[in-house]
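Let's take a walk through this one together. Have the sequence and the coordinates open as you read.

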Amino acid sequence: MKIRTLLGTLAALLMAPAGATAQDDYAVLPPEAARQLTQILQRAQQVQGVCYGYQFTLDDNFEGGVSQDVGSGAGVGVPVDSQAGCSRTVRLDAQITYTSSTSEAEDSASVSIDTAIEGVNRDQLQRLGYDSSDLLGDQDAQAAFNMVAALPVLVAEAGAAPYVPFEEAAQPPTPQARASASPGSDFVRAAWPGLVLGGLLVLGGIGFFVLDRTGMVDQVSHRQPNSNS
Amino acid sequence: MKRSWIGLIAAGVGVLVIGCGVAAGSGSPRAWLQDNCRATGPTRDANGNRADSFTCPQTPTRTAAALADAHPPADRQSGGTGHFLRYSSTMVGVLGAQQGSRVLLARERDGYGYFFPYVGGFWGSTSTGGSFRGGGPSGGGK
């Protein structure tokens with residue numbers, strides 16, 4: 001059985017075209033977002049003298065294959081390590097693993113920052129609310145973008161370089177560029193855990209009080225052993 | 001003590017928890033900035049978008065994290081020069097400064113234009129009407 005499986009795998013590898021194990025169409029970042037991100041990194045590199053890059057590695061056991069989405073201030077697809085003249089580099093590394101539907105293991109993601117600059121670490125990303133698990137959700141592109149785009153700020157805060165100046169839009173956005181619909185109530189977003197938990201306690205507490213006063217709690221507790229026997 | 005009073009005590013604790021929830025939801029990012037930072041007046045960008053400016057003592061990351069802890073944003077974004085938080089009707093940009101951080105608070109319409117180079121496509125559509133949201137492999141994951 002094992003030999004048959006091995007032969008099957010070998011045959012699949014031989015029949016597959018070169019490079020087919022990598023999902024060429026996979027990218028964490030949509031092309032336009034990736035271009036915008038590399039422009040941010042390029043601008044930071046010019047101001048700070050620090051080279052920035054990212055490397056997202058996808059291990060997709062669902063569809064098979066390992067692929068990488070890399071970029072830097074030199075452009076989309078250009079690893080930061082390949083840039084000449086970079087004495088200081090900062091690279092965000094992320095490993096994303098999608099397991100097959102038959103596997104008991106969960107999908108997973110991990111993030112680290114590869115740099116020699118002291119004071120720049122992933123804890124600061126978490127403080128900002130950027131968690132590696134975000135790379136597994138529907139907003140994975142935005143999470144990936146944010147983690148990388150935050151790097152120049154973290155470097156400046158570490159005292160290793162000046163801040164990148166804020167730049168206004170060179171020209172007004174077109175009429176097509178509009179903010180999406182209102183994201184919902186700020187009050188509900190902040191208060192809902194307390195409202196839900198408190199509401200459950202109030203309802204449960206009053207319910208228990210009423211049931212106990214009417215003797216229904218005793219009836220239920222006395223009935224329980226009989227129903228098991 | 002009668003057992004039934006346990007229910008009333010639980011209900012009382014529930015009322016307190018609701019009160020804490022209401023307290024957590026009260027206030028606004030603007031009120032938080034007025035309490036923790038120094039207002040430096042309104043400002044306009046070259047395209048006429050208006051924002052109120054504040055100077056805060058902490059770094060951009062600490063300021064943005066503290067504001068987000070006090071008032072959870074619906075969305076957040078980073079853009080090389082600082083961090084951006086989106087609320088129901090306002091947008092906040094927390095930028096680097098020589099000391100501490102500089103914060104810009106704008107109404108949604110002004111904020112989207114003011115911060116467009118950093119949030120455009122994520123908090124709405126780009127100049128071509130597209131969006132950067134979503135992505136990832138199709139069919140993968142569980």
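What is the mean pLDDT of chain A, and what percentage of its residues reach 70 or more? This is a predicted model, and for chain A the mean comes out at 82, with 86% of residues at 70 or more. The elements of chain A span a wide range: helix 1 (residues 2-15) has the lowest mean pLDDT, 37, while helix 5 (residues 151-157) has the highest, 96. Residues 1-24 of chain A sit below 50, and beyond near neighbours in sequence that stretch has eleven contacts in the model. Where pLDDT is low, the predicted coordinates should not be read in detail.

**The sheet**

Chain A has an open sheet of five strands, ordered 3-2-1-4-5, with mixed pairing. Strand 3 (75-76) and strand 5 (108-115) of chain A are at the edges with a single partner strand each, so one side of each has no neighbour in the sheet. Strands of a sheet pair through backbone hydrogen bonds, either parallel or antiparallel.

Strand 1 (residues 51-60) of chain A gives an example of each. With strand 4 (residues 89-98) of chain A, strand 1 pairs in the parallel sense over ten bridges. With strand 2 of chain A, strand 1 runs antiparallel, joined by seven bridges. These two, strand 1 and strand 2 of chain A, also form a hairpin with five residues in between, and Gly64(A) in the turn has a positive phi of about 90°. Strand 1 of chain A is mostly covered, with seven of its ten residues buried.

Here are some residue pairs you can look up in the model:

| Residue in strand 1 of chain A | Residue opposite | Strand of the partner |
|---|---|---|
| Tyr52(A) | Val90(A) | strand 4 of chain A |
| Gln55(A) | Asp93(A) | strand 4 of chain A |
| Thr57(A) | Gln68(A) | strand 2 of chain A |

**Helices on the sheet**

Now for the helices. Helix 2 of chain A lies across strand 1, strand 2 (66-72) and strand 3 of chain A, at about 45° to strand 2. Helix 4 of chain A packs on the sheet too, touching strand 1, strand 4 and strand 5 of chain A, and its direction makes about 155° with that of strand 4.

How do helix 2 and helix 4 of chain A pack, and at what angle? Helix 2 (residues 31-48) and helix 4 (residues 140-149) of chain A have axes 10 Å apart, at an angle of about 10°. That makes helix 2 of chain A roughly parallel to helix 4 of chain A. Where they meet, helix 2 of chain A brings Ala33(A), Leu37(A) and Ile40(A), and helix 4 of chain A brings Ala141(A), Phe145(A), Val148(A) and Ala149(A). By class, that contact has seven nonpolar residues, no polar and no charged ones. An α-helix has 3.6 residues a turn, so residues three or four places apart point the same way.

Helix 4 of chain A is mostly covered, with ten of its ten residues buried. Among the buried residues are Asp140(A), Gln142(A) and Asn146(A).

**Where the chains meet**

Finally, the partner chain: 71 residues of chain B are in contact with 75 residues of chain A. On chain B's side, the elements giving two or more residues include helix 1 (4-25), helix 3 (60-70) and strand 5 (90-96) of chain B. Helix 1 of chain B supplies the largest share, 16 residues. By class, the chain B side divides into 27 nonpolar, 36 polar and eight charged residues.

Terms used
Residues numbered from 1 in each chain as written. Chains lettered and ligands numbered in written order. Predicted model: local features only at pLDDT ≥ 70, side-chain atom pairs only at ≥ 80, totals over all residues. Axes fitted to C-alpha atoms, helices over the stretch in contact; angles between N-to-C directions. Helix = DSSP H or I, 4+ residues; strand = E, 2+ residues; numbered from the N terminus. Parallel < 35°, antiparallel > 145°, perpendicular 65-115°, else oblique. Contact = placed C-beta atoms within 7 Å. Nonpolar A, V, L, I, M, F, W, Y, C, P; charged D, E, K, R; others polar. pLDDT = per-residue confidence, 0-100. Buried ≥ 20, exposed ≤ 12 C-beta atoms within 10 Å, placed from the backbone. Pairing = 2+ DSSP bridges.
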